[in-house]
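User: I should like a close look at the nonpolar core of this protein. Please describe the residues that form it and the parts of the chain that supply them.

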Amino acid sequence: MTLNSKNILDAVSESSEQDLLNIECSNLMTKIHRKFDFRNAPIKTIVQALGVTRAQARNLAKGNIEKFSFYELKTFLQRLSSDIK
């Protein structure tokens, strides 16, 4: 068996619906990280750019998808997209 995100998310999901939601959240987090340089940005910059708390900014920088709902991740991506235009 080849390991990939689908295999890993399948293993931790309780249902196929949760599996699909986890995949969507993972994809959103990937898109967020492509649009914002979390590695080099100070926490203060992340807080200001996304309108989040310091704790949320740290969790975003670490890529902790389990700390956010699908809707929160979608909102963060929309905020980044509107900043770029």
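Analyst: Of the 85 residues in this predicted chain, 29% are buried. The chain contains 5 helices and 0 strands, so that its elements, read from the N terminus, run α-α-α-α-α. Among contacts with a separation of 6 or more, 49% join residues 24 or more positions apart.

The largest nonpolar core has 18 residues, and those touching the most other members are I32, F38, I46, L50, L60, L73 and F76. Two or more residues come from each of helix 2 (16–35), helix 3 (43–50), helix 4 (54–62) and helix 5 (70–84). In soluble globular proteins, nonpolar side chains tend to be buried together.

L60 illustrates how the core is connected. Beyond its neighbours within four places in sequence, L60 contacts M29, H33, F38, L50, V52, F68, L73 and F76.

Helix 2 merits separate attention. Its buried residues are D19, N22, I23, C25, L28, M29 and I32. An α-helix has 3.6 residues a turn, so residues three or four places apart point the same way. The end C-alpha atoms of helix 2 lie 29 Å apart, which agrees with the 28 Å expected for 20 residues at 1.5 Å a residue.

M29 also leads to a polar residue, N64. N64 is located in the loop between helix 4 and helix 5, and, setting aside neighbours within four places in sequence, it contacts M29 and N59. N64 counts as buried because its relative accessibility is 19%, and the cut-off is under 20%.

At the surface, the chain exposes about 5,900 Å², of which carbon and sulfur atoms supply 51%.

Conventions: Residues are numbered from 1 along each chain as its sequence is written. This is a predicted model: local features need pLDDT of at least 70, side-chain atom pairs count only at pLDDT 80 or more; totals for chains, interfaces and linings use all residues. Side-chain values use heavy atoms; hydrogens and water are left out. A nonpolar core is a set of buried Ala, Val, Leu, Ile, Met, Phe, Trp, Tyr and Cys residues joined through side-chain atoms within 4.5 Å. Buried means under 20% relative accessible area, exposed over 50%, partly exposed in between (1.4 Å probe, protein chains only). Helices (H or I, at least four residues) and strands (E, at least two) are DSSP runs, numbered from the N terminus. Contact means heavy atoms within 4.5 Å. The expected span of a helix is 1.5 Å times one less than its number of residues. Accessible areas come from the Shrake-Rupley method with a 1.4 Å probe; for residues, only the protein chains shown count as cover.
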